[in-house]
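Q: Please take a close look with me at one small part of this model. I would then like to see how the rest is arranged around a part of that kind.

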Amino acid sequence: MVNMMNLIQNEHMKLYKRLGTWVMIGLILFAVLGLGAFTAFIMESNENTNWKENLKIENAQLQKQLEESPLKGAGETYVQKQVAINEYRIDQDIRPVESQSVLGFMMDATNFTGIIALFTIVVASSMVASEFSWGTIKLLLIRPVSRTKMILSKYITTVLFALFSLVLLFLFSFLVGSILYGVEGVGQPYLVYNNGSVEETNMIAHIIQLFGFNSVDLLMMVTLAFMISTVFRSSSLAIGIAIFLLFTGPQLTQLLSSYEWVKYVLFANTNLQQYTNGTPLVEGMTMTFSITVLLIYFVIFTTLTWVVFKKRDVAA
Amino acid sequence: MSKKPVVELNHVTKRIGKTTIIDDLNLQVFPGEVFGFLGPNGAGKTTTIRMMVGLMDITEGEILIHNHSIEENFEKAIAHVGGIIENPEMYKFLSGYDNLVHYARMVPKKISKDRIHEVVKLVGLEERIKHKVGNYSLGMRQRLGLAQALLHSPSLLILDEPTNGLDPAGIREIRNYIRQIAHEENMAVFVSSHLLSEMQLMCDRIGIIQNGRLISVESVRDFVGTSSKQKIRYHVSPLDQAVELLRSTYGSVVESVGDGFIDTTVSYEGIADLTELFVTHHIRVYGIENIQSTLEEKFLEMTGGEK
C-alpha cells in the first residue's frame with residue numbers, strides 16, 4: 001500500500017516547484033502591503049477624539065429614519081441593532097474599530113479571501129487537467145496507486161493550498177497591521193447584539209469567524225473548478241466557469257431573489273453571514289437549510305469528480 | 001516453453017461504441033524474453049498496451065500479470081510493471097532527479113537514494129540529472145523514461161515505440177540495453193513498434209497485429225529462419241562468368257544483374273553453397289549482403305493480404 005502522505009508530498013512538490021504558485025502567493029502578500037500603504041498614508045487620518053459625538057449623531061439619524069419610513073422585518077432589526085451597539089459604545093466607553101488599528105486592518109484584509117479564492121480556483125483547475133495536457137497522466141496512473149487515492153491526494157493538496165494562503169493572509173495582515181499601528185488595540189472587544197442586549201466577544205475570534213464564512217464560498221467554488229477540471233480535462237474551461245460564477249453568482253441570485261426556487265441555487269447559500277449579520281436572501285431560509293444545501297452540492301461535485309476520474313479511459 | 005508467463009492476454013477485446021478495436025487477442029510473454037508487438041499504424045498496438053497497464057478498460061477477456069488481473073487487482077498487478085507509454089512525458093519544471101523521486105514515492109516498497117543513483121548511472125544521465133527536464137533533448141527524455149520504468153525493478157517492462165525519435169546511436173544503445181536486461185535480469189520485455197528492422201534486431205519473438213487481430217506469433221529465428229529464402233546480393237568479378245555459372249548450376253536463383261553485382265534468391269544454406277561455387281571456379285567475391293529481409297516481405301505479405 002502506498003502511503004497517502006507520499007502522494008500528497010508529490011502533489012506539493014509539483015505545485016510549489018512551479019513559479020506561478022509563488023507569483024500567486026507573492027500577490028497575496030503584495031495586496032496586504034498595498035492595503036497597508038493605502039490605510040496608513042493615503043486614507044484621511046481621522047483622529048476621532050469626539051467619536052462619541054459622531055455616534056450620537058448617527059443614532060439620531062437612524063431613529064429619525066425609523067420613524068419617518070418604518071422598515072419592516074429584517075431591515076428594522078438591523079437598525080435597532082446598530083442603535084443598541086452604538087449606545088453601548090457610548091455608555092461603556094468602547095471606541096469603534098477603525099481601519100487604522102491592527103484589528104481594523106485585519107478585518108479589512110479578510111476581503112482578500114476573494115483573491116485567495118481566485119488563486120485556489122486556478123490551482124484546482126490545473127490539478128487534473130494539466131496532467132492530461134502535459135501527457136504525464138499516462139505515467140502517473142501506471143503506478144500501484146488506486147485512482148481514488150490519486151484524485152483524493154490532488155484534492156487535499158488544493159484545499160491545503162487554500163488553507164496555507166488563508167493562514168498566511170491572517171498572519172501577514174496581523175504583522176503589517178501591528179507594524180503600522182502597534183498592538184495596543186488587540187484587546188478591543190467585538191460587540192454582538194443578541195436578543196435585545198449587547199454582548200462583548202473576542203475580536204480575534206470574530207476575525208477568524210470572518211475567514212471561516214468567506215471560506216465557505218471559496219471551498220465550494222474550488223470544488224466546482226476541480227470537478228470541471230477533471231470532467232472536461234480543460235483547465236481554461238474550469239478557470240473560466242468557476243471565476244465567472246464566483247463573481248456573477250451572488251448578483252444573479254440577488255436579482256432572482258423574488259423567486260422561491262432561488263433558495264436551492266448554490267450561490268444563495270454560500271454566504272452564511274446572511275444569518276448572523278444581515279437578512280436572508282429568501283424569507284424562511286435558515287442556517288441549517290443552507291448548510292444542508294451546501295452539503296448536497298459538495299457531495300454531488302466530489303462524487304462526480306471521483307466517478308469520472310475512476311472510470312475514464314486514458315487515451316491520447 | 002514450460003516457464004510461467006509474466007503476462008497473459010486471454011481473449012482480450014476492446015470495443016468503443018460499435019467499433020471493435022481489438023478482437024479476441026491471446027498472447028503470453030515469458031521471463032527473459034523480448035516480445036515484439038508489430039503492426040502498422042492504427043492496428044491497435046497502443047490500445048493493447050493501454051489495456052495492459054490499466055489506462056483503458058477491457059471490454060471482454062482478461063489480462064493477467066503474475067496471475068493478478070489488471071482490472072480486478074490493479075495495484076498488485078501493476079506493481080510488477082514498468083513502462084513507457086508513447087513519448088515519456090515528464091514534469092518539465094522539475095529536475096530529472098525530482099521526477100524520479102516523484103515516481104519512487106509511488107511504489108509500496110521503499111526505493112533508496114542509492115537505487116535512484118544506480119538507475120541514473122545505468123541510463124547514463126549522471127551529468128544532467130539535476131537539470132530541469134524542460135532543457136533535455138528527446139534522447140535524454142527517453143533515457144529518463146527508461147529510468148523511471150526500471151526504478152522499482154519490475155519483472156515486466158512495457159515499451160511503446162521506445163526508439164521513436166532517437167538517433168542511430170541512441171537506437172542501438174537502447175536496443176542493446178533492452179536485450180541485456182531481458183536476458184541478464186530475466187525480465188520480460190514487451191516492445192511495440194512499426195519498424196521491422198528494429199524488431200528483428202531486438203526481439204526474441206514477434207507478434208503481428210493488424211486491424212485489432214493478432215495474425216501471427218513466431219520466434220524471430222523462425223521468422224528469418226534457415227528454411228525461408230532470402231535476397232542475397234553478391235559483388236563478384238568477372239560478372240558474366242559468374243552469371244553463366246549460376247544459371248548453368250542452379251537455374252533459377254538469379255533474380256537480376258546489376259553494375260558489378262548479382263541479386264539472388266537463396267535459402268540460408270544456399271548462401272554458403274553459392275559462395276563455395278564462386279570460389280572453386282576462381283571468381284573473386286568482394287561482398288555478400290542481405291538486401292531484403294524476408295521478415296519485411298513476410299510482414300507486407302501478411303498485413304497486405306488482410307484487407
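A: A helix here is a DSSP run of H or I of at least four residues, a strand is a run of E of at least two, and both are numbered from the N terminus. With that in hand, start at A:Arg233, in the loop between helix 9 (203-232) and helix 10 (235-255) of chain A. Please keep in mind that this is a predicted model.

Most residues other than glycine have a negative phi, and most peptide bonds are trans. A:Arg233 has a positive phi, near 50°. Is this loop residue buried or exposed? A:Arg233 counts as buried because 20 other C-beta atoms lie within 10 Å, and 20 or more is the cut-off for that class.

Around this loop, chain A has 13 helices and two strands. Its C-alpha atoms fill a box of roughly 70 × 50 × 35 Å along the principal axes, and 30% of its 316 residues count as buried. The unreviewed UniProt entry annotates several stretches of chain A as "transmembrane region", including 203-228 and 235-253. In the model, residues 235-253 of chain A are 100% helix, with the end C-alpha atoms 26 Å apart. Another annotated stretch is 112-134; it is 96% helix, and its end C-alpha atoms are 32 Å apart. As for confidence, chain A has a mean pLDDT of 86, and 95% of its residues reach 70 or more. Its lowest point is helix 4 (residues 74-92) of chain A, at a mean of 77, and its highest is helix 1 (residues 4-16) of chain A, at 94.

Chain B offers a loop to set beside this one. B:Asn211 lies between strand 9 and strand 10 of chain B, and its phi is positive too, near 45°. With 17 C-beta neighbours inside 10 Å, B:Asn211 is partly exposed, whereas A:Arg233 is buried.

The two strands beside B:Asn211 lead straight into a sheet. Strand 9 (residues 205-210) and strand 10 of chain B run antiparallel, joined by six bridges, and B:Ile208 stands opposite B:Ser216 of strand 10. The whole sheet is open and has six strands in the order 6-7-8-3-9-10 of chain B, with mixed pairing. Strand 6 (81-84) and strand 10 (213-219) of chain B each have a single partner, so one side of each is left without a neighbour in the sheet. On average, neighbouring strands are turned by 15° against each other, direction ignored.

Two helices of chain B pack on this sheet. Helix 1 (residues 45-52) touches strands 3, 7, 8 and 9 of chain B, and its direction makes about 145° with that of strand 7. Helix 5 (residues 138-150) touches strands 6 and 7 of chain B, at about 165° to the direction of strand 6.

Finally, the two chains meet in a contact that takes 28 residues from chain B and 23 residues from chain A. Edge strand 6 of chain B comes back here: strand 6, helix 2 (74-78) and helix 3 (96-104) of chain B each supply at least two residues to the side that touches chain A. By class, that side of chain B has 16 nonpolar, five polar and seven charged residues.

Key. Residues numbered from 1 in each chain as written. Chains lettered and ligands numbered in written order. Predicted model: local features only at pLDDT ≥ 70, side-chain atom pairs only at ≥ 80, totals over all residues. Pairing = 2+ DSSP bridges. Axes fitted to C-alpha atoms, helices over the stretch in contact; angles between N-to-C directions. Contact = placed C-beta atoms within 7 Å. Nonpolar A, V, L, I, M, F, W, Y, C, P; charged D, E, K, R; others polar. UniProt positions renumbered as here; feature names shortened; annotations may be inferred. pLDDT = per-residue confidence, 0-100. Buried ≥ 20, exposed ≤ 12 C-beta atoms within 10 Å, placed from the backbone.
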